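Work through the exercises below with the coordinates open. Each task is followed by a solution in steps.

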Amino acid sequence: MSELKVSVVVPARNAAAWLGECLESIRSQHPYEMIVVDGCSTDDTVEIARDCGATVISDEGRGLPAARMLGARSATGDVVALIDADVVLPPKSLSRLLTEFEAGGYDGLQFGLASEADGPGYWGAALAWHHNHSRVRKWFGVSATLMRRDVLLDVGFDDDFRSGEDVELRIRLEQAGFKLGVSDSVVVRHRFDDTFDYARDQWLQDGAGMARTVRKHTGRAGWLVMLPLLATVRGVGMSLVRAPRFLPYWMGFLLYNYRAMAGELLRPAHKPISVGGNAAWLAAARIAPMVTGFLFWALAALVLPPEQIGLGSAVVAAALLTVQLGMLGVGPATLTLLPAETDGGRRLIATGLLTVATCSLLGAGLLVAVTSWLGTGVGEAWADPLVTVLFLATALLAASAYQLDHVGVAQERADRTLVRSLAQSLVQLLFLAVALAAGLRDLAVIVAAVAAGALASVLVGLRQLARAHVSPDWKHGFRPRPALNLLKPGLPNHALTLADRAPGYLLPLIVAATLGPASTAAWYVVWMMASAVFFVPQSAGFTLQTALAGSRARPGLLASALRASFMLTLVAGLILLLAGPLLLGFLGPDYASAWVLIPVLVPALLLSCVTQVYYGLCRAQGRLFESTIVATLAALLVVAPAAAVAQQYGLTGVSVLWAVAQAAACLMATWRLITLTRMKPASTAGEIPSAARHQPT
C-alpha cells in the first residue's frame, strides 16, 4: 500500500454491513496507508477493518467529527482522503481524483456522489432520489473527499458539532480563502440504508447540525434556517413532475428537520444575533409555519362549509385586531427599554405581558359589545356563548404571545420566535384534526384551535425565558409606575403601529360585511398567506430599531436591513407565487379562483420593505409623528373606500386598493429615507441617534 501518496481515513461505527466492500475498493487502489477510526462498535467493524489490512484506532465514542480529526492527526501523508463507510470507490478513482486535485491546486476536492438505495424499499430509494436531484450534490462535503492534511489540521472540525460539521467546516474554509470543489468527472457510489429509522435519523441530524451552524454563523442565519423549507418546496415541485410517490418523503423531511432544529435552539448559547440574523429569524418564524397554517385552513375548508370558514376567519381577524389595539405600543417600547435593564428585564417583561394581556382582553370585550349591537358580519358569531368565551381567551393569549416575540427581538434572540411559532402552528393544526375526527363540526372548533395554539406559544415562551434565567418577575411586574414608564414611550408608538397594522385586520371584517362569509373565506386564505410574507419586512424594521437603540449601532445598518428585508421578502414572495395557486386549487373551486389576487399582492409586499425599514428608523430616532402620518395616509387609502370597492370590483379590487396604498407609502418612505440619511446626526458623526437618547415626538 505505497503506490498512491494518499492517507485514507475511514470513520466507522457499527458499519459491518458496508465496511468490507468500502475498504476493499480502497485497498485495491494501493493508498499510502488506510486508517479506520472505530467509534466503539458493538458489531464486527474492528475485525473486518483488520482483515482488510487497515490500521484501527478508537475515538472512544466522541462522534464523527472527532473521529475524522483523530484519523487526520494519525496520518503521515500530505494528502488525506476522508471516506465514509457507506461509500464505494470505483477502480482507479482515487488516483484520478488526486490528479484533478493537484492539477487544480485544490485544498479540498470531493468526489462526485452517485447515491443509491441499499435495498428495494421506499425510504432508501427516496433518500437516493433526493440526493441525486438536489443542489447538495454541488456542495463541498467530507463524506468522500481529498484534503491537504495541514489545512484540515489547521482549520479543523468544531468539537461542539456531532452533525452538520461538514457545512460548518465549508463556511470557515471559504471564509479563509481556501480553494474547494466537487468533481464532475470522478464519481463514487454513495449508499443509503433502506429503512424509515435511517431516513429519520438523517433528517434529525441535518436539522440539529443546521441549528448549530446558525448559532455559530449568525450572519447566515436567514439563509440556513430557510434551507429545509426551500428544499421541501423544490423537492415537492420536482416530485409532482417526475416522481409523485416521493411526496410523503418531503413531509417527513420538513417535519423532522425543523423538529431537530427547534429542539437544538431550545438550548441555545446566550449570545446576540446580528440585525440580518434577527430579521431572518423573525421572517422564518412567519414563513416556516405557513405550511401548517395552510393545512389548518385547508382541513377546515374540506370539512366545514364556506360560510362557517368565512365567519371563523372573521373571528380570528377580530382577535388579532384587538391584539393590535391592546398592545398600546408596549411591544415597540420593549425593544427600546429592555436592553438597558439591569435585571435582565425580568420586571419589564412581566409588566409588558400583564399590560398587553389586560388591555387586549378589555379591547376584545368592547369589540364584542359593538359588533353585537351592529348584528352583521362578525357580530353573528356572538350568538354562541362558547365562541365568545373562546374569542376572549384567544385575544388574551395571542397578545401575550405577540409580546413575547418583541421580548425575543429586544434580547437579540429572535431565533426563539421560530420555536414558539412552530409550536403554535403545530398544536393549532393537531387540535383541529383531533376535534374534526371526533365529529365536532362548528365554528367553536376553529376558534378553540387558534386559542390552543396561542397557549402553546405562551407556555414555550415562558419556558425559554426560564432557561435564559430571566423569568418574569410577576410580584413586581404589575405596578402602576413600571406600567406608566412602559406606556410613556409606548403610546406614541401605538398610533404608528395601529395605522400600519389595522388595515390588514379590518379588511376581512369589511369583506365579511359587504360580500358575505363565502367571499371572506377565499379572501382570508389568500390574505393569510400574504400576511406571512408581510411579516418579513416588518421583522427587518423591528430588528433595525433594536440595533439602533442598543450598543451595536454603526454605519451601514440601514443598508443591511434593507438588503436583508428585500432578499428575504423576494424569496418568500416567489414561493407564494409558485405554491399559492396550487394550494388554492387543492381546496376546491370556491377558493381556486382567488389565485388572481396573489400576483397583485406580491409586488406590494416588496414595496413594503422600504416602508417598514423607514418605520424602524423613525422609531429609533423618535420621529414618530411623521411616520404615523405616512402610515395613516396609507391606511386611509385602503380602509376608506374598501367597502365601495369591494361591492363594485370584488376581491380583486380590494387587492389592487391595498397595493396602491403600499406604493404610495413606499414613495413617501423613500423620499424621507433619502432625506434622513443625508442629514448629519445630532450625536457622533456617522452614527444614527438611538431611541435611548431621543424622546418620541
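**Exercise 1. Salt bridges**

Task: How many salt bridges does the count come to? Locate the partners of Glu-21, Arg-189 and Asp-184, and place each pair in the chain.

Solution.

Step 1. The count comes to 14 salt bridges. The model is a predicted one. The cut-off is a side-chain nitrogen of Lys or Arg within 4 Å of a carboxyl oxygen of Asp or Glu.

Step 2. Start with Glu-21. Its side chain meets that of Arg-191 in a salt bridge, 2.9 Å from N to O. Glu-21 sits in helix 1 (residues 16-27) and Arg-191 in strand 8 (residues 180-192), so far apart as 170 residues along the chain.

Step 3. Classify the two ends. Glu-21 is partly exposed, at 39% relative accessible area. Arg-191 is buried, at 3%.

Step 4. Move to Arg-189. Its side chain forms a salt bridge with Glu-116, again listed as 2.9 Å, N to O. Arg-189 belongs to strand 8 and Glu-116 to strand 6 (residues 108-117), so the bridge ties together parts 73 residues apart in sequence. Arg-189 is partly exposed, with a relative accessible area of 30%. Glu-116 is partly exposed too, at 27%.

Step 5. Take Asp-184. Its side chain meets Lys-138 in a salt bridge of 2.9 Å, N to O. Asp-184 is in strand 8, while Lys-138 is in the loop between helix 5 (122-133) and strand 7 (144-148); the two are 46 residues apart. Both Asp-184 and Lys-138 are exposed.

Step 6. Join the pairs. Glu-21, Glu-116, Arg-189 and Arg-191 are linked in a network of salt bridges.

**Exercise 2. A helix pair and a surface patch**

Task: Describe how helix 15 and helix 16 cross. Then find which residues form a nonpolar patch with Leu-366.

Solution.

Step 1. Fix the geometry. The axes of helix 15 and helix 16 (residues 385-410) come within 8 Å and cross at roughly 150°. The crossing is right-handed.

Step 2. List the contacts. On the helix 15 side they include Ile-349, Leu-353, Val-356, Leu-361 and Val-368. On the helix 16 side they include Phe-391, Leu-392, Leu-396, Leu-404 and Val-407. Polar residues also take part, among them Ser-360 in helix 15 and Gln-403 in helix 16.

Step 3. Turn to Leu-366. Helix 15 spans residues 346-374 and holds this residue. Leu-366 has a relative accessible area of 56%, so it is exposed.

Step 4. Complete the patch. Leu-366, Val-370, Trp-373 and Leu-374 make up a nonpolar surface patch. Together they have about 500 Å² of accessible area.

**Exercise 3. Positive phi**

Task: Cys-40 and Lys-92 are not glycines; what are their phi values? Where do the two residues lie?

Solution.

Step 1. Cys-40 has a positive phi of about 60°. It is in the loop between strand 2 (31-38) and helix 2 (45-51). Its relative accessibility is 39%, so it counts as partly exposed.

Step 2. Lys-92 has a positive phi of about 65°. It is in the loop between strand 5 (87-88) and helix 4 (93-103). Its relative accessible area is 63%, so Lys-92 is exposed.

**Exercise 4. Sequence separation and distance in space**

Task: How far apart in space are Ala-49 and Thr-611? What separation do Thr-652 and Leu-597 show?

Solution.

Step 1. Ala-49 and Thr-611 are 562 residues apart in sequence. Their C-alpha atoms are 63 Å apart in space.

Step 2. Check the setting of Ala-49. It lies in helix 2. At 0% relative accessibility it is buried. Beyond neighbours within four places in sequence, Ala-49 is in contact with Leu-19, Leu-23, Val-36, Ala-54 and Val-56.

Step 3. Now the second pair. Thr-652 and Leu-597 are 55 residues apart along the chain. Their C-alpha atoms are separated by 5.9 Å.

Step 4. Check the setting of Thr-652. It is in helix 25 (residues 624-678). Its relative accessible area is 35%, so Thr-652 is partly exposed. Not counting residues up to four places away in sequence, Thr-652 touches Val-596 and Leu-597.

Methods: Residues numbered from 1 in each chain as written. Predicted model: local features only at pLDDT ≥ 70, side-chain atom pairs only at ≥ 80, totals over all residues. Heavy atoms only, no water. Patch = residues over 30% accessible without salt bridge, like charges linked within 9 Å, V, L, I, M, F, W, Y side chains within 5 Å. Areas by Shrake-Rupley, 256 points an atom, 1.4 Å probe, with all protein chains shown as cover. Helix = DSSP H or I, 4+ residues; strand = E, 2+ residues; numbered from the N terminus. Buried < 20%, exposed > 50% of the residue type's maximum accessible area, 1.4 Å probe, protein only. Axes fitted to C-alpha atoms, helices over the stretch in contact; angles between N-to-C directions. Left-handed = near helix turned anticlockwise from the far one by under 90°. Contact = heavy atoms within 4.5 Å.
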